Amino acid sequence: MQTIQLPNVRLAVEIQGTGTPLLLVHGFPFDHSMWQSQIDWLSQVCNVVAPDLRGFGSSEISKDRDALTMDRFADDLAAMLDELVIEQVIYCGLSMGGYIGWAFARKHPHRLKGFIACDTLAEADTPEAASVREANAKRVLEEGSEFLVSGMIPKLFSEKTRKTKADIVEQVEAMIRNTASTTIAAALRGMAQRPDSTELLAEFEIPALVICGSDDIISPPEKMQGIADAIPHARFVRIPDAGHLSPLEQPDSFNREVAEWLKSI
Ligand code: MLT
C-alpha cells in the first residue's frame, strides 16, 4: 500500500502491474480489498490502481462531518492521479464506485480512456430512498453499524454465494464493521444527494463495459442493460451466480470478461 498526501486528506492506494492504468473504485461501505482478485489477476495485463476512498479502509477519515458527495470523491481521485502522474485511466467502479464514476466523467472527462460500470445505477435516489439513507445515517451515528451489517448482507450476494462462500460473506461483514460510523453516515448523505446521471450516458464517447451479477437485486440486470443501451459504445455482460458483488463472488468470470474487453478496445 502506498500513501498519497493530498492537500486536505491522506489516501491509501494499492498499485500493481504496468501498462494502461485501470482505476478500481470500491463500493459502499467497503475498501480496496474487495478488488483483491482483480488486483492479483488484472495486474498481469495492466497497471491496477486501487485506492481506499476518503474515510474508508486505510485512508484518512474526512475531517468535516458533512455529506461525502460523489463530486468530492471524484475530485480526490483526480488529485490522487495528479500525484501519481497518471493522465488517463480506464475507470472501473462498483455501485457507489459507479456513482462516483459518473461524477468523474462529468468533472474530469479528459482523464477517461474507457469506463467499466459494475453493479451500479445511473439514476438518483427516489425521495423515499433518500429519506431511508438519512434515517440510516442518523441511526449509525447513534448506535454504530451493526444493524447495517445484518440489513445489507442478504441483499449483497447471490443465494449460491451465501450458501457456498462463507469466507467472502465474512470478508464483507468485516469491511462494513471496519468502516467508521462517521464515514458511513457522510457517504449515505452523499449518495442521497447525487444527481441523476441517465442523460450523461449518451455523451460517453469512450468505450464502456457494463457488468452485472445475474442475481443482483440492488442494481438488477434489466437496469444495467438500460445503462449499456444508453452508452453509444458499450458491451453488456451478465455474470452468472453473482449478486451485487460480482467481482468478489465470481472473480474468474469477472476477470475474464474485463481482460477480453480490454483486449478488444
Ligand atoms: C454499494 O454497494 O456501493 C451500495 O449498494 C450503493 C448504494 O447503497 O446505493
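**View 1. The shell around the ligand mixes 5 nonpolar, 3 polar and 1 charged residues.** Here Ala, Val, Leu, Ile, Met, Phe, Trp, Tyr, Cys and Pro count as nonpolar, Asp, Glu, Lys and Arg as charged, and the others, Gly among them, as polar. This is a predicted model: local features need pLDDT of at least 70, side-chain atom pairs count only at pLDDT 80 or more, and totals for chains, interfaces and linings use all residues. Residues are numbered from 1 along each chain as its sequence is written, and side-chain values use heavy atoms, without hydrogens or water. Gly27, Phe28, Phe30, Ser95, Met96, Tyr99, Arg133, Met191 and His244 surround the ligand (a heavy atom within 4 Å).

**View 2. Polar side-chain atoms meet ligand oxygen atoms.** For Tyr99, an N or O atom of the side chain is 2.6 Å from a ligand oxygen. For Arg133, the distance from a polar side-chain atom to a ligand oxygen is 2.8 Å. For His244, it is 3.0 Å. A polar contact is a pair of N or O atoms within 3.5 Å. On its own, the ligand has 270 Å² of accessible area, and the protein covers 92% of it (Shrake-Rupley method, 1.4 Å probe).

**View 3. Trp102 and Phe204 form an edge-to-face pair.** The structure holds 7 aromatic pairs (ring centres within 6.5 Å; planes under 30 degrees apart are stacked, over 60 edge-to-face, the rest tilted). The ring centres of Trp102 and Phe204 are 6.0 Å apart and their planes stand at 80 degrees, so this pair is edge-to-face. Trp102 belongs to helix α3 (residues 96-107) and Phe204 to the loop between α8 (181-192) and β7 (208-213), so the pair ties together parts 102 residues apart in sequence. Helices (H or I, at least four residues) and strands (E, at least two) are DSSP runs, numbered from the N terminus.

**View 4. Two loops show backbone exceptions.** Most residues other than glycine have a negative phi, and most peptide bonds are trans. The Phe28 to Pro29 bond is cis, with omega near -5 degrees. Pro29 is in the loop between β3 (21-25) and α1 (36-42). Ser95 is not a glycine, yet its phi is positive, about 55 degrees. Ser95 lies in the loop between β5 (89-94) and α3.

Notes
A polar contact is a pair of N or O atoms within 3.5 Å; within protein, one must be able to donate a hydrogen and the other to accept it, and residues adjacent in sequence count only if both atoms are side-chain atoms.
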